[in-house]
Amino acid sequence: MVVPIEDLIFVVCTLVGGGLLLITVLVDDILGGVLDALHIGFDIGGVSLMPLLLGFVSMFGVGGLFATQVLGVHAGPAAIVGTIGGVIGFGIVFVMFTVLRRSEGTNPFSTSSLVGRTASVSVSIPAGRFGTVLVKAEGQTHEFSATASTDIASGTPVTVTATAGTGLVVAPLAPPQAPPPPGEPGPAQSNSGAEPANTTGSAGSGGTTGA
């Protein structure tokens with residue numbers, strides 16, 4: 001039994017497009033991320049182009065098979081029916097991903113909003129490498145990966161100076177300057193408390209004597 005080439009094309013579109021679309025829905029938009037990394041990806045209404053194309057391809061195959069197997073049309077008319085099915089699939093995927101994106105909600109804060117905050121090192125940070133810190137934000141304590149230019153031991157208080165991808169850049173808090181011990185005069189007071197020199201003796205040595 002010889003399978004017509006048009007049916008083979010429609011079957012491949014259905015299987016490949018539908019399989020990749022299922023992976024995109026269940027796992028992540030991996031192919032869209034590849035396009036973004038190559039700077040050739042864009043979105044339509046906040047939905048990545050890749051799942052929309054996969055929806056079109058898979059439904060193009062379904063529509064083409066419907067045309068050849070049910071309607072009994074081939075070649076150009078089957079391609080037209082497949083294209084109509086592809087447009088429908090494009091619309092279905094757009095609506096589905098729009099709903100999913102809205103249901104995800106927005107993050108309560110971003111890592112950039114943590115710059116300037118105080119944190120505590122939970123896993124020691126080697127210089128130029130990553131450890132972890134605990135930062136309190138939005139009423140909760142969050143754990144982030146963090147790096148620093150110097151070694152920082154666990155439990156050290158630090159301040160967030162910048163972000164590094166999804167992590168943070170931190171620096172140790174400067175220790176407060178200790179006040180002078182009680183009773184010890186400061187530098188400005190070291191000379192003010194000294195007794196003035198007694199100059200009256202020399203003057204009194206030439207004083208008057210009794211008659």
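**Figure 1. Threonine 163 stands opposite leucine 168 in strand 7.** The model shown here, as in every figure below, is predicted. Six bridges join strand 6 to strand 7, and the two strands run antiparallel. They form a hairpin with two residues between them. Glycine 165, in the turn of this hairpin, has a positive phi of about 65°. On the other pairing shown, strand 7 and strand 5 run in the parallel sense and are joined over two bridges. Here alanine 146 is the residue that stands opposite leucine 168.

**Figure 2. Leucine 168 and its contacts with residues beyond four places in sequence.** Which residues does leucine 168 touch once its neighbours within four places in sequence are left aside? The contacts include Val160, Ala162 and Thr163, where Thr163 is the residue opposite leucine 168 seen in the first view. Phe144, Ser145, Ala146 and Thr147 are also in contact with leucine 168. Val133 and Val135 are among the contacts as well, and so are Thr111 and Leu114.

**Figure 3. The largest nonpolar core has 15 residues.** Those with the most contacts inside this core are Ile125, Val133, Val135, Ile152, Val158, Leu168 and Val170. Two or more residues each come from strand 3 (118-123), strand 4 (130-137), strand 5 (140-147), strand 6 (157-164) and strand 7 (167-172). The largest share, three residues, is given by strand 4. Another core, of six residues, lies apart from this one, and Leu21, Met50, Val93 and Phe97 are among its members.

**Figure 4. Leucine 114 in the loop between helix 4 (75-104) and strand 3.** Is leucine 114 buried or exposed? Leucine 114 has a relative accessible area of 0%, so this loop residue counts as buried. One of its contacts is leucine 168. The C-alpha atoms of leucine 114 and alanine 137 are separated by 7.9 Å, and these two residues are 23 residues apart along the chain.

**Figure 5. Phe10, Phe56 and Phe60 form one aromatic cluster.** The count of aromatic pairs comes to two. Phenylalanine 10 and phenylalanine 60 form an edge-to-face pair, with 5.5 Å centre to centre and 65° between the planes. Phenylalanine 10 lies in helix 1 (residues 5-26) and phenylalanine 60 in helix 3 (residues 49-71), so the pair ties together parts that are 50 residues apart in sequence. Both phenylalanine 10 and phenylalanine 60 are buried. Phenylalanine 56 and phenylalanine 60 form a stacked pair, with 6.3 Å centre to centre and 15° between the planes. These two residues are four residues apart in helix 3, so about one helical turn separates them. Phenylalanine 60 is buried because its relative accessible area is 17%, under the limit of 20%. Phenylalanine 56, at 28%, is partly exposed.

**Figure 6. The protein chain has five helices and seven strands.** From the N terminus on, the elements run α-α-β-β-α-α-β-β-β-β-β-α. Of the 211 residues, 26% are buried. Among contacts with a separation of 6 or more, 51% are between residues 24 or more positions apart. The chain exposes about 13,800 Å², and carbon and sulfur atoms supply 65% of this area.

Conventions
Residues numbered from 1 in each chain as written. Predicted model: local features only at pLDDT ≥ 70, side-chain atom pairs only at ≥ 80, totals over all residues. Heavy atoms only, no water. Core = buried A, V, L, I, M, F, W, Y, C linked by side-chain atoms within 4.5 Å. Buried < 20%, exposed > 50% of the residue type's maximum accessible area, 1.4 Å probe, protein only. Contact = heavy atoms within 4.5 Å. Areas by Shrake-Rupley, 256 points an atom, 1.4 Å probe, with all protein chains shown as cover. Pairing = 2+ DSSP bridges. Phe/Tyr/Trp six-rings, centres within 6.5 Å; stacked < 30°, edge-to-face > 60°.
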